[in-house]
Amino acid sequence: MVELPTLSEIEQRYAQLEGQVLPTPTVQATSAKLADVLGFDLFLKLELFQHTGTFKARGALSVISTLTNAQKANGITAVSAGNHAIAASWAARKAGISAKVVMTKTANPLRIERSKAEGAEVILCDDIAAAFAEVQRLEKEEGRTFVHPFEGVNTTLGAAGVGLELMRDVQGLDAVIVSIGGGGLISGVAAAVKLINPSCKVYGVEPTGAASMSASRNANEPVTMDEINTIADSLAPPYSLPYSFALNQAFVDEVVTVTDDQICAGQALYQEELKLAVEPAAGATLAAALGPLRNKVAGKRHALIVCGANIDSATFASQIVRGQDHVAALLG
């Protein structure tokens, strides 16, 4: 049985990290086009302005803050498509310890370079299986501590700061929409939201081609997907794991899916209507609000977690062009 976090634990960890992570702003959307569909009671939690460009900095720093001196001496390792690698590298540098992060050769070059710029040694592997095998070798042979990208109480307590800030910033929220990769972000956000206001709905969104949490909720246990196919590499872990799954079951009201075309349309609308250049993982939240969740959030006080913006300009441009072809359908 998983022990659920308490509001006191979330607040204590937030206080411990205060001054090290940024309290990111929450703003009210002013787009007339979006207001025609969703109303003006749409709020954006701008976690893309966090250190390293995503919420991941919170979880990585939270985990590293719990290491013993002996663990710090051996350094950390991490495996990631990019955002967690950058965050773990940043958190290690901030703590004054060494980091070796493992990524696949297909990872976005911008994310590889940003991990290196934070002082980490980056190891590139042919595929995700080889990457996890390399992390296990680093744990065994070098004694490094593995900083998981989404699983574990300390990761969740770090991510919960996003929800804590949001609930302090906006009173009377009816719903919050959060994108799901492995489930670390939504487990923290949902825990904070529900512990403060149990009546506020928490909705998760996944790509249709990487819907491991949806499959896990249907099976009532964590499952591993046979195939993953999405442009949203930050939302593409092929499985869910026990702790984050348990918190999703406890605190998340519903999980929906959106297509890659809808995600790109969400990115285009973020850029054109809200003046934000976001990665696909963030685009998914607006796509969900306008798509499968429209009837549940339109006209209500709802918030989107704008989780990150680590994307190179060429990839972003191609996704915006793709999205523009699907904006009309998304707006309906």
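**Pockets, cavities and helix packing**

In this predicted model, the largest pocket has a lining of 47 residues, and those nearest its centre are S80, A81, D233, S234 and A236. The space in this pocket comes to about 820 Å³. Quite a few elements chip in: helix 5 (83–95), strand 4 (99–104), helix 6 (109–117), helix 7 (128–142), helix 9 (184–196), helix 13 (280–290) and helix 15 (313–324) each bring at least two residues to the lining. Helix 9 gives the most, though its share is just 3 residues. As for chemistry, the lining of the largest pocket splits into 23 nonpolar, 18 polar and 6 charged residues.

Next come the enclosed spaces. Rolling a probe the size of a water molecule over the atoms shows where empty space is left. Here the search turns up 2 cavities of 30 Å³ or more. The largest cavity has a volume of about 80 Å³. It is lined by 14 residues, with F55, K56, G59, P149 and T155 closest to its centre. Helix 3 (56–64), helix 8 and helix 9 each contribute at least two residues to that lining, and helix 3 has the largest share, at 4 residues. By class, the lining of the largest cavity holds 8 nonpolar, 5 polar and 1 charged residues. Helix 9 thus turns up in two places, as a contributor to the lining of the largest pocket and to that of the largest cavity.

The second largest cavity has a volume of about 40 Å³. Its lining is made up of R13, Y14, L17, V21, R58, L157, G158 and G161, with helix 1 and helix 8 as the elements that give two or more residues. The class count for this lining is 4 nonpolar, 2 polar and 2 charged.

Helix 1 and helix 8 also pack against each other. Two packed helices are described by the angle between their axes and the distance between the axes. For helix 1 (residues 7–17) and helix 8 (residues 153–169), the angle is about 90° and the axes lie 8 Å apart. Angles of 65 to 115 degrees count as roughly perpendicular, so helix 1 and helix 8 fall into that group. On the helix 1 side the contact uses L7, E9, I10, E11, R13, Y14 and L17, while helix 8 answers with N154, L157, G158, A160, G161, L164, E165 and R168. That contact has 7 nonpolar, 3 polar and 5 charged residues. Several of these names are familiar from the second largest cavity, whose lining includes R13, Y14, L17, L157, G158 and G161.

Further along the chain, helix 12 (residues 260–274) and helix 13 pack with their axes 7 Å apart, again at an angle of about 90°. These two helices are therefore roughly perpendicular as well. Helix 12 brings Q262, I263, G266, Q267, L269, Y270 and L274 to the contact, where they meet P280, A282, G283, A284, T285, L286, A287 and L290 of helix 13. The residues involved are 10 nonpolar and 5 polar, with no charged ones. Besides this packing, helix 13 supplies at least two residues to the lining of the largest pocket.

Helix 10 and helix 11 make another crossing, at an angle of about 70° and with 11 Å between their axes. That angle makes helix 10 roughly perpendicular to helix 11. The residues in contact are M213, S216 and R217 from helix 10, and S244, F245, N248 and Q249 from helix 11. Sorted by class, they come to 2 nonpolar, 4 polar and 1 charged.

Finally, the aromatic side chains. The count comes to 1 aromatic pair, and F150 and Y239 are the partners, in a tilted arrangement with 6.2 Å centre to centre and 50° between the planes. The pair joins distant parts of the chain, with the two positions 89 residues apart: F150 sits in the loop between strand 6 (145–146) and helix 8, and Y239 in the loop between helix 10 (212–219) and helix 11 (242–251). The Y239 loop thus runs between the two helices whose crossing was described above, helix 10 and helix 11.

Conventions
Residues are numbered from 1 along each chain as its sequence is written. Side-chain values use heavy atoms; hydrogens and water are left out. On a 1 Å grid over the protein atoms alone, a cavity is a set of points where a 1.4 Å probe fits but cannot get out, and a pocket is an open set with protein on both sides within 12 Å along at least five of seven lines; lining residues have an atom within 4 Å of a point. Grid points are joined across faces, edges and corners, and a volume is the space filled by probe spheres set on the points. Ala, Val, Leu, Ile, Met, Phe, Trp, Tyr, Cys and Pro count as nonpolar, Asp, Glu, Lys and Arg as charged, and the others, Gly among them, as polar. Axes are lines fitted to C-alpha atoms, for helices over the stretch in contact, and angles run from 0 to 180 degrees between N-to-C directions. Angles under 35 degrees count as roughly parallel, over 145 as roughly antiparallel, 65 to 115 as roughly perpendicular and the rest as oblique. Contact means heavy atoms within 4.5 Å. Rings of Phe, Tyr and Trp (its six-membered ring) pair if their centres lie within 6.5 Å; planes under 30 degrees apart count as stacked, over 60 as edge-to-face and the rest as tilted.
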